[in-house]
Amino acid sequence: MRAQLPRRAFLKASAATGGGLILGFWLPGPGGGRAQAEEGPVPYPPNAFIRIRPDGSVTFIIGKSEMGQGIYTALAMLIAEQLECDWSKVRVESAPVAPAYNHTAYGMQLTGGSTSVWSSWDQLQKVGATARQMLVTAAAQRWGVEAASCRAENSFVIHTPSGRRLPYGELAEAAERLPLPTAVTLKDESAFKLVGKPTRRLDSPSKVDGSAVFGLDVRLPGLQTVLIARPPVFGARALRVNAARARAVPGVKDVVQVPTGVAVVATGFWPAKKGRAALEIEWDEGANAALSTAGLREQYAALAKTPGRRAKALGDIAGLEGAKTKVSAEYEVPYLAHATMEPLNCVVDLRPASCEIWTGTQMQTVDRAAAAKAAGLEPDQVQIHTTLLGGGFGRRANPVSDFVVEAVEVAKAVRQPVKVVWTREDDIRGGYYRPMWYDRIEGGIDASGAPVAWHHRLVGQSILTGTPFEKVMVKDGIDDTSVEGAADIPYSIPNLLVELHSPTVGVPVLWWRSVGHSHTAFVVESFMDELAHAAGRDPLAFRRPLLKDHPRHLGVLERAAQEAGWGSPLPKGHGRGLAVHESFGSFVAQVAEASFEGGEVKVHRVVCAVDCGKIVNPDTIAAQIEGAVTFGLSAALHGEITLERGRVQQSNFHDYPLLRLYEMPRVEVHIMPSREKPGGLGEPGVPPVAPAVANALFAATGKRVRRLPIRPQDLRA
């Protein structure tokens with residue numbers, strides 16, 4: 001395959017320090033990247049993706065953030081496959097903030113939405129193929145032979161007729177001096193040696209031996225650690241501060257007020273924590289002082305009885321009235337915290353004409369702009385060093401860059417390098433949350449047992465309203481992320497209406513792994529199960545004809561059911577439930593086996609079938625799905641943020657628990673072969689877990705779960 005590379009679409013940088021090859025590419029994408037690419041030159045430092053040293057080592061500079069999802073390895077595999085380089089010589093580095101690393105569809109540097117592989121698939125393969133072609137040309141020139149008589153293999157160029165070989169390390173400097181080719185030949189996928197094969201992760205060794213650098217590991221000369229006394233209620237502000245006792249704590253250097261609270265500056269974490277505890281602050285709790293979960297639930301339930309904005313309408317749901325059987329239900333899901341394993345942190349070294357930031361972030365372009373504004377600098381005066389992230393789940397992709405801006409504000413106030421650390425309690429009590437939802441849904445079944453009408457009304461906060469993304473993703477009052485997975489259900493139902501209420505509540509909300517799908521899949525797949533049982537049908541048999549126009553949904557559903565032994569006998573008290581859901585371009589079906597015995601919910605087994613299109617690393621796919629099942633089960637069984645007197649009632653893993661080892665079911669992952677374009681994988685494994693387990697519990701107990709997290713008392717009633 002010949003890939004056309006417009007000359008202006010990529011630039012080549014100067015020689016690498018110490019010799020070798022640096023290739024810089026800026027391949028225009030369909031989004032903002034195209035506009036920027038065509039408007040002017042790319043600034044130095046160059047957009048280098050590949051660095052080959054004279055010793056033969058190969059470094060790939062990766063523009064996506066590694067937060068445990070394996071993206072450093074997957075993207076490196078795309079380049080290495082086309083470069084034909086020795087995988088054992090490959091290393092990766094985190095990219096600086098630069099247009100070269102902008103998302104090819106979104107025109108900014110970010111990692112999110114399960115988009116990293118599909119958005120980089122074409123770009124990085126062309127990068128690798130171009131470098132390979134230049135190395136082959138350099139070797140051919142040295143030997144005085146035709147390039148067509150040479151081939152690249154395992155970090156060598158080989159003259160096929162004579163068998164002569166030259167390593168990449170010897171060719172890199174000569175290759176660097178060559179003009180960039182205007183077109184390159186990509187390897188055919190049938191010749192792939194690396195992509196599609198199980199491959200070891202590049203980031204594992206450093207995480208095992210402790211040398212990996214996360215944000216909390218960053219040290220600078222003179223660095224001060226800062227903890228902030230944050231408002232007990234969202235929107236509260238400090239009226240009076242008595243810092244005398246805090247200043248008396250050994251190690252405390254300063255106490256300053258910043259827009260988000262009162263900052264205690266100290267020589268380390270513990271003096272900062274002790275100093276913060278010694279502060280005496282009188283708060284004006286403001287308008288949110290009376291917020292409570294019970295009050296919000298009452299408000300949402302009332303709204304769910306009234307018409308909302310139309311997100312999707314097909315046919316006429318008046319058909320509900322003529323249905324032979326009518327089913328209605330209310331579903332509830334709570335606010336959820338991200339609860340990353342590595343708490344938020346940000347190091348800032350602010351100078352009069354520059355600002356350096358070290359942090360684990362998913363949204364470098366936005367963070368740099370926000371930091372520059374806060375610092376009073378231009379964006380190109382701000383440098384962000386992206387460290388490894390100890391989990392993200394959306395928390396580190398905040399459109400308002402909350403934890404980055406806050407750290408800059410502290411650095412402005414104290415005028416020395418600072419590391420602002422959020423304790424886990426800080427983030428769980430005062431961070432951002434997956435919205436709470438209340439859904440009312442009605443369905444009708446005709447005499448043949450087929451659904452004829454579906455009316456779904458959703459009530460929950462908009463994530464995007466009020467953010468820079470509102471103009472693009474909120475249309476006619478409908479936030480796309482609120483109704484994804486609900487307004488686009490795959491089932492063939494002739495009459496359908498989906499409505500949305502987006503109440504304004506003073507609780508900060510943000511995307512949480514799988515965003516809207518995290519709640520809509522639970523409602524849709526649970527209610528589909530309710531309709532199946534109302535029709536007297538097996539849930540799998542009930543879904544089959546409704547998915548006849550969606551073969552990828554049906555394919556994973558059939559595969560998961562087959563692998564799980566759907567319909568085969570189970571131990572007494574056990575039940576099976578299934579769910580299928582598409583999100584971020586991938587299709588996942590899960591069959592859960594669960595029981596309720598001795599007052600406890602036990603999930604014994606989760607069988608997953610995944611169709612994510614073309615495969616890069618099967619090991620990563622399995623790991624992502626296994627992690628997603630763990631993450632989704634944590635929320636389904638335990639996750640809940642509640643409010644009382646405006647205060648979040650949870651604080652850490654003891655009262656906002658993750659799934660414990662003894663609770664972990666056996667998880668089986670089956671990957672569907674596919675030649676479809678790659679889909680996302682970071683999130684699609686999360687949505688089906690809760691409904692599959694809830695449906696399994698119904699099969700086991702006859703009790704329907706309509707509220708998360710699953711409560712034993714709801715199964716006893």
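Ala628, Val629, Gly632, Leu633 and Ala636 of helix α17 are in contact with Val689, Ala690 and Val693 of helix α18. The model in which these contacts appear is a predicted one, and what follows describes its helix packing, a three-stranded sheet and several backbone features.

**Helices around α18**

Two packed helices are described by the angle between their axes and the distance between the axes. Helix α17 spans residues 618–637 and helix α18 spans residues 689–701, while helix α14 covers residues 517–534. The table sets out the crossings of α17 and of α14 with α18.

| Helix pair | Axes come within | Crossing angle | Handedness |
|---|---|---|---|
| α17 and α18 | 8 Å | roughly 60 degrees | right-handed |
| α14 and α18 | 8 Å | roughly 30 degrees | right-handed |

Angles under 35 degrees count as roughly parallel, and α14 and α18 are therefore roughly parallel to each other. The angle between α17 and α18, at roughly 60 degrees, makes that pair oblique. On the α14 side of the second pair, the residues in contact are Ala521, Phe522, Glu525, Ser526, Asp529 and His533, and they meet Ala690, Pro691, Ala694, Asn695 and Phe698 of α18. Ala690 of α18 is thus listed among the residues that meet α17 and also among those that meet α14.

**Helix α8 and its two sides**

In helix α8, which runs over residues 293–303, the buried residues are Thr293, Leu296, Tyr300 and Ala301. These residues lie on the same side of α8, because the arc they cover around the axis is only 135 degrees. Ala294 and Glu298, by contrast, are exposed on the other side of α8. What do the buried residues of α8 pack against? Their partners are the strands β23 (437–445), β24 (451–460) and β31 (643–644).

**The sheet β6-β7-β8**

Strands of a sheet pair through backbone hydrogen bonds, either parallel or antiparallel. Here three strands form an open sheet in the order β6-β7-β8, with antiparallel pairing. Strands β6 (150–153) and β8 (165–167) stand at the edges with a single partner strand each, so one side of each is left without a neighbour in the sheet. Neighbouring strands of this sheet are turned against each other by 25 degrees on average, when direction is ignored.

Between β6 and β7 (residues 156–159), which run antiparallel, there are four bridges, and Glu153 has Phe156 of β7 as its bridge partner. Helix α4, formed by residues 168–176, lies across β6, β7 and β8, and runs at about 75 degrees to β8.

**Backbone features in loops**

Phe584 and Arg645 are both residues with a positive phi although neither is a glycine. For Phe584 the value is about 55 degrees, and this residue is found in the loop between β28 (574–583) and β29 (586–597). For Arg645 the value is about 50 degrees, and its place is the loop between β31 and β32 (647–648). Is Arg645 buried or exposed? With a relative accessibility of 52%, Arg645 counts as exposed, since the cut-off for that class is over 50%. Strand β31, which borders the loop of Arg645, is also one of the strands against which the buried residues of α8 pack.

A cis peptide bond, with omega at about -5 degrees, joins Leu708 and Pro709. Pro709 is found in the loop between α18 and α19 (712–716), and α18 is the helix that α17 crosses obliquely and to which α14 is roughly parallel.

Technical notes:
Residues are numbered from 1 along each chain as its sequence is written. This is a predicted model: local features need pLDDT of at least 70, side-chain atom pairs count only at pLDDT 80 or more; totals for chains, interfaces and linings use all residues. Side-chain values use heavy atoms; hydrogens and water are left out. Buried means under 20% relative accessible area, exposed over 50%, partly exposed in between (1.4 Å probe, protein chains only). The arc is that of the directions from the helix axis to the C-beta atoms. Contact means heavy atoms within 4.5 Å. Two strands pair if DSSP finds at least two bridges between them. Axes are lines fitted to C-alpha atoms, for helices over the stretch in contact, and angles run from 0 to 180 degrees between N-to-C directions. Angles under 35 degrees count as roughly parallel, over 145 as roughly antiparallel, 65 to 115 as roughly perpendicular and the rest as oblique. A crossing is left-handed if the near helix is turned anticlockwise from the far one by less than a right angle, and right-handed if clockwise.
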